[in-house]
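Colleague: Could you take me closely through one helix of this model and its surroundings, beginning with a single residue in that helix and working outward from there?

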Amino acid sequence: MPSERSMKMLRILLLLILILPSPALAQGDICDADAMQRQQETLAGYLRLDFENDRDLALANLFRLGALYQAMALDCGYAPNAAEVNAMLEQVLDYASLDDLIAAQSVGDDVEAILLELEDLYGDPLTGQVLYNGLEPTLGGNPLGCAGCHENEAIAPLTAGTWTRINDSRLKLPQFADYSHRQFLVESILRPLDYITPDYAEVMPEFYGSQLTIQQLADLVAFLDSQDQLLAGE
């Protein structure tokens, strides 16, 4: 059986080639026999294969139908075997580099769009802590270096008390009056040079948006939101 990681990669690869949105399909249980038959017929009718009159369009529709059928099979419980997963990986890597695949999975730096995505995700603070401490790799296989700086107050604000500092200090600044904790944290991670904490140098890199998935970002935010220790002197 393919690993969970392989299955996740397969879904990502399918998204890369799924360049045509599917038409409206039957509502309800889309995986019962009748619904699947209707979906198949709808897709086949929508993406016609007229090789005699328009070979280029027919080839494009054939490609798109394959992607749509694969997505439908996955959604309804089909588990590709290892050979099928490997074939898909090899096929896509013929047309997209590893950097392209990583970029397709990364969150980027569009904070407004990212905040909307985060609304539908549960962030796991324990997983976030593992990522933060560099014990789990990000996209591309590299660990984060957060703890290396944020456990040394001479370099960066300490991890402990992150939530408290944001609540008691950062969000009281005029430029952050309309910010939520989540927005402040997301911008701090993805656009760290937009706001530099007084008395600290510009040392945090700006490439984390290309290294993190949306789920990894959600986990990191959840971990940092759990850091509600009292500040020194309180």
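Modeller: Leaving aside residues up to four places away in sequence, Gln-183 touches Val-111, Leu-115 and Asp-178; please keep in mind throughout that this is a predicted model. Gln-183 lies in helix α10, which covers residues 181–190, and it counts as buried because its relative accessibility is 19%, where the cut-off for buried is under 20%.

Another residue to look at is Val-186, which, again not counting residues up to four places away in sequence, touches Val-111, Ile-114, Leu-115, Leu-118, Arg-191, Leu-217 and Val-221. Val-111 and Leu-115 are therefore contacts of Gln-183 as well as of Val-186.

From there we come to the core. The largest nonpolar core has 27 residues, and those that touch the most other members are Ile-114, Leu-118, Val-186, Ile-189 and Leu-217. The elements that give two or more residues to this core are α6, α7, α8, α10 and α11, with the largest share, seven residues, coming from α11. As a general point, nonpolar side chains in soluble globular proteins tend to be buried together.

Since α11 gives that largest share, it deserves a description of its own. This helix has 12 residues and reaches 16 Å from its first C-alpha to its last, close to the 16 Å expected at 1.5 Å a residue. Of its 12 residues, 10 are buried, so α11 is largely enclosed by the rest of the structure. Those buried residues are Ile-214, Gln-216, Leu-217, Ala-218, Asp-219, Leu-220, Val-221, Ala-222, Phe-223 and Leu-224, and what covers them includes α5 (98–105), α6 (111–118), α7 (125–132), α9 and α10.

The last part of the surroundings is the largest pocket, which has a volume of about 760 Å³. It is lined by 39 residues, of which His-150, Pro-157, Ser-188, Thr-197 and Met-204 are the closest to its centre. The elements that give two or more residues to this lining are α8 (146–150), α9 (162–168), α10 and α11 (214–225), and here the largest share, five residues, comes from α10. By class, the lining of the largest pocket has 27 nonpolar, six polar and six charged residues.

Taken together, α10 holds the buried Gln-183, gives two or more residues to the largest nonpolar core, is among the elements that cover the buried residues of α11, and supplies the largest share of the lining of the largest pocket.

Terms used. Residues are numbered from 1 along each chain as its sequence is written. This is a predicted model: local features need pLDDT of at least 70, side-chain atom pairs count only at pLDDT 80 or more; totals for chains, interfaces and linings use all residues. Side-chain values use heavy atoms; hydrogens and water are left out. Helices (H or I, at least four residues) and strands (E, at least two) are DSSP runs, numbered from the N terminus. Buried means under 20% relative accessible area, exposed over 50%, partly exposed in between (1.4 Å probe, protein chains only). Contact means heavy atoms within 4.5 Å. On a 1 Å grid over the protein atoms alone, a cavity is a set of points where a 1.4 Å probe fits but cannot get out, and a pocket is an open set with protein on both sides within 12 Å along at least five of seven lines; lining residues have an atom within 4 Å of a point. Grid points are joined across faces, edges and corners, and a volume is the space filled by probe spheres set on the points. Ala, Val, Leu, Ile, Met, Phe, Trp, Tyr, Cys and Pro count as nonpolar, Asp, Glu, Lys and Arg as charged, and the others, Gly among them, as polar. The expected span of a helix is 1.5 Å times one less than its number of residues. A nonpolar core is a set of buried Ala, Val, Leu, Ile, Met, Phe, Trp, Tyr and Cys residues joined through side-chain atoms within 4.5 Å.
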